[in-house]
Amino acid sequence: MSTDFACPSCGNEWSMEPDDDGLFNGYGCPPCPVCGGEGAYADDYADYECPYCHYEWRVYGNGGLVFGCWPNCPKCGTSANEA
Ligand SMILES: [Zn+2]
Ligand SMILES: [Zn+2]
């Protein structure tokens with residue numbers, strides 16, 4: 001059964017079948033085949049909206065948390081609201 005992954009860096013999405021050891025080419029979460037960035041599980045993300053500038057963005061990995069907290073807006077640095 002294949003697993004879906006997404007790349008936070010370039011937005012690529014892909015699926016892979018795990019190897020016999022349950023890993024993907026030796027990774028629990030494989031790197032992006034397009035840009036080589038760190039991959040994330042496709043269903044492991046959260047969407048945020050900035051209450052100040054209304055920028056919307058998506059954070060992959062750790063349920064969308066960054067160091068266990070909601071992230072700050074990448075545009076203006078305001079603490080996010082969950083979208
Ligand atoms: Zn990528
Ligand atoms: Zn903002």
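**Entry 1: burial of A80**

I take a residue as buried if 20 or more other C-beta atoms lie within 10 Å of its own. The model I am reading is predicted. I looked up A80 under this cut-off: A80 has 24 other C-beta atoms within 10 Å and is therefore buried. I then located A80 in the chain and found it in the loop between strand 5 and strand 6. I listed the contacts of A80, leaving aside neighbours within four places in sequence, and obtained Y48, E49, C50, W70, P71, N72 and C73. I also checked A80 against D4, which is 76 residues away along the chain; their C-alpha atoms are separated by 26 Å.

**Entry 2: the chain as a whole**

I counted secondary structure elements and found zero helices and six strands in the protein chain. Read from the N terminus, I noted the order β-β-β-β-β-β. I recorded the span of the C-alpha trace along its principal axes as about 45 × 25 × 20 Å. I found that 14% of the 83 residues of the protein chain count as buried. I took the contacts between residues at least 6 apart in sequence, and noted that 38% of them join residues at least 24 apart.

**Entry 3: domains**

I noted the division of the protein chain into domain 1, residues 1–43, and domain 2, residues 45–82. I read the distance between the C-alpha centres of domain 1 and domain 2 as 22 Å.

**Entry 4: strands 1, 2 and 3**

I followed strand 1, residues 3–6, to strand 2, residues 13–16, and found the two antiparallel, joined by four bridges. Within this pairing I saw D4 opposite S15 of strand 2. I examined the hairpin of strand 1 and strand 2, which has six residues between the strands, and noted that G11 takes a positive phi near 85 degrees there.

I next asked which strand is joined to strand 1 by two bridges. I found strand 3, residues 40–41, running antiparallel to strand 1. I placed A6 opposite A40 of strand 3.

**Entry 5: strands 4, 5 and 6**

I traced an open sheet of three strands in the order 5-4-6, with antiparallel pairing. I marked strand 5 (56–60) and strand 6 (81–82) as its edge strands, since each pairs on one side only. I found five bridges between strand 4, residues 45–49, and strand 5, and these strands run antiparallel. I identified E56 in strand 5 as the bridge partner of E49. E49 had already appeared in my notes, among the contacts of A80.

**Entry 6: Y60**

I asked whether Y60 is buried or exposed. I counted 21 C-beta neighbours inside 10 Å, so Y60 counts as buried. I placed Y60 in strand 5. I set aside residues up to four places away in sequence and found that Y60 touches A6, P8, A40, D44 and Y45. Two of these names were familiar to me: A6 stands opposite A40 in strand 3. I compared these contacts with the domain bounds: A6, P8 and A40 are touched by Y60, and domain 1 covers residues 1–43 whereas domain 2 covers 45–82. I finally checked Y60 against G39, 21 residues away along the chain, and recorded a C-alpha separation of 8.6 Å.

Notes:
Residues are numbered from 1 along each chain as its sequence is written. Chains are lettered from A and ligands numbered from 1 in the order in which they are written. This is a predicted model: local features need pLDDT of at least 70, side-chain atom pairs count only at pLDDT 80 or more; totals for chains, interfaces and linings use all residues. Domain bounds come from an automatic or database domain assignment. Two strands pair if DSSP finds at least two bridges between them. A residue is buried if 20 or more other C-beta atoms lie within 10 Å of its own, exposed if 12 or fewer, and partly exposed in between; C-beta atoms are placed from the backbone. Two residues are in contact if their C-beta atoms, placed from the backbone, lie within 7 Å.
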